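Visitor: I should like to take a close look at one part of this model, namely its salt bridges. Please explain them step by step, and then describe what else can be found in the structure.

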Amino acid sequence: MLKMEVIGVRFSFSNRIIYYSFEGLECSKGSSVVCATEYGNQLGSVVTNAIDIDPSKINYPVNSISRIANENDIKNNEKNINDALLALEKSKKLALKHKLDMHIINALYTLERDQLLFFFVADSRVDFRELARELAAIYKTRIELRQIGVRDKAGLVGGIGICGGQLCCARFLKEFDSVSINMAKNQNIALNPSKINGVCGRLLCCLKYEDDVYTNKRKGLPCVGKNYDTGKGIGKVVSVDVLSRTIKVDVNSNVIEVKINESNQ
């Protein structure tokens, strides 16, 4: 199996850990490094020790660290973060001025300040050309406005899920799998929006994680309401516990619990 030695890097714009190769560089946990990202060159912090991974297990290309950051890189990055916050507030005021139906949620400079990116959510397409021109005139750099979805917004902003842990989209997810209401039904979760929706208002991404397990465990189990022969009489199934593969059957008003072995499928 092909293995690659990598280290994990975290950036100011996200809590996700992105893995990079570092051949020829002396990197260790706590080092500041300059890396190419989907948002241009950014300064990041090494947050893991070197590990061996199978590149096919990562759903993105593994790039190499560009270089070890120097003092100027660190100072420039601090200035960029502060200036981006000011630019974010300015962009919000300008969006109101131009009466644009958009919510700008974040701004980000590339390390060399050759580009200033703004991220926004909107219910429909927005003609932001005038806004982009005004921002370019103010900040004297290339301006890009990216419309993102509510799930991407949650990943950028971050937060705590109903599980009490940090949002998966902010911590490690880079791509969003399709999630359906049938996954919640498959796991016997009450179809209450407060139980099955994340902070983004969409179905919880984690419904996908255990769906295959529940699907396999459910094989051979009768549905609630079906008749079932318990060996002590035929009755109606009143409840099903998928993970323990036990069912409760009402036989003449007497509830009998039955364990169904996977070998009996």
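Guide: A residue is called exposed when its relative accessible area is over 50%, buried when that area is under 20%, and partly exposed in between. Please keep in mind that the model is a predicted one.

With these limits we may turn to Arg129. Its relative accessible area is 55%, so Arg129 is exposed. The side chain of Arg129 forms a salt bridge with that of Asp127, at 2.8 Å from N to O. Asp127, at 47% relative accessibility, falls under the 50% limit and is therefore classed as partly exposed. This pair belongs to a structure that holds 8 salt bridges.

Another salt bridge joins the side chains of Glu134 and Lys97, with 2.9 Å between N and O. Glu134 is part of helix 2 (residues 129-139) and Lys97 is part of helix 1, so this bridge ties together parts that lie 37 residues apart in sequence. Lys97 has a relative accessibility of 54% and counts as exposed.

A salt bridge can also be found inside one helix. The side chains of Lys79 and Asp83 meet at 3.0 Å, N to O. Both residues sit in helix 1 (residues 71-97), and because they are 4 residues apart there, about one helical turn separates them. The two partners differ in their surroundings: Lys79 is partly exposed at 47%, whereas Asp83 counts as buried at 17%. Together with Arg113, Lys79 and Asp83 are linked in a network of salt bridges.

From charged side chains we pass to nonpolar ones. In soluble globular proteins, nonpolar side chains tend to be buried together. Here the largest nonpolar core comprises 25 residues, and those with the most contacts inside it are Val9, Phe11, Tyr20, Val33, Cys35, Ile65 and Phe119. Two or more residues are given to this core by each of strand 1 (4-11), strand 2 (17-21), strand 3 (32-37), strand 7 (103-109) and strand 8 (115-121). Strand 1 supplies the largest share, 4 residues. Cys35 may serve as an example of the packing. Beyond its neighbours within four places in sequence, Cys35 is in contact with several residues, including Val9, Phe11, Tyr20 and Ile65. Apart from the largest core there is another one, of 19 residues, among them Leu100, Tyr109, Ile143 and Leu145.

The model also has pockets. The second largest has a volume of about 340 Å³. It is lined by 19 residues, of which Leu167, Cys168, Leu204, Cys205 and Cys206 are the closest to its centre. Helix 3 (150-157) and helix 4 (168-171) are the elements that give two or more residues to this lining. Sorted by class, the lining consists of 13 nonpolar, 4 polar and 2 charged residues.

Finally, consider a residue in a loop. Ile189 is placed between helix 5 (181-186) and helix 6 (193-196). With a relative accessible area of 29%, Ile189 is partly exposed. Leaving aside neighbours within four places in sequence, Ile189 is in contact with Ala184, Ile196 and Leu207. Ile189 and Leu207 are 18 residues apart in sequence, and their C-alpha atoms are 9.7 Å apart in space.

Notes. Residues numbered from 1 in each chain as written. Predicted model: local features only at pLDDT ≥ 70, side-chain atom pairs only at ≥ 80, totals over all residues. Heavy atoms only, no water. Core = buried A, V, L, I, M, F, W, Y, C linked by side-chain atoms within 4.5 Å. Buried < 20%, exposed > 50% of the residue type's maximum accessible area, 1.4 Å probe, protein only. Contact = heavy atoms within 4.5 Å. Salt bridge = Lys/Arg side-chain N within 4 Å of Asp/Glu carboxyl O. 1 Å grid on protein atoms, 1.4 Å probe; cavity = no way out; pocket = protein on both sides within 12 Å on 5 of 7 lines; lining within 4 Å. Points joined across faces, edges and corners; volume = space filled by probe spheres on them. Nonpolar A, V, L, I, M, F, W, Y, C, P; charged D, E, K, R; others polar.
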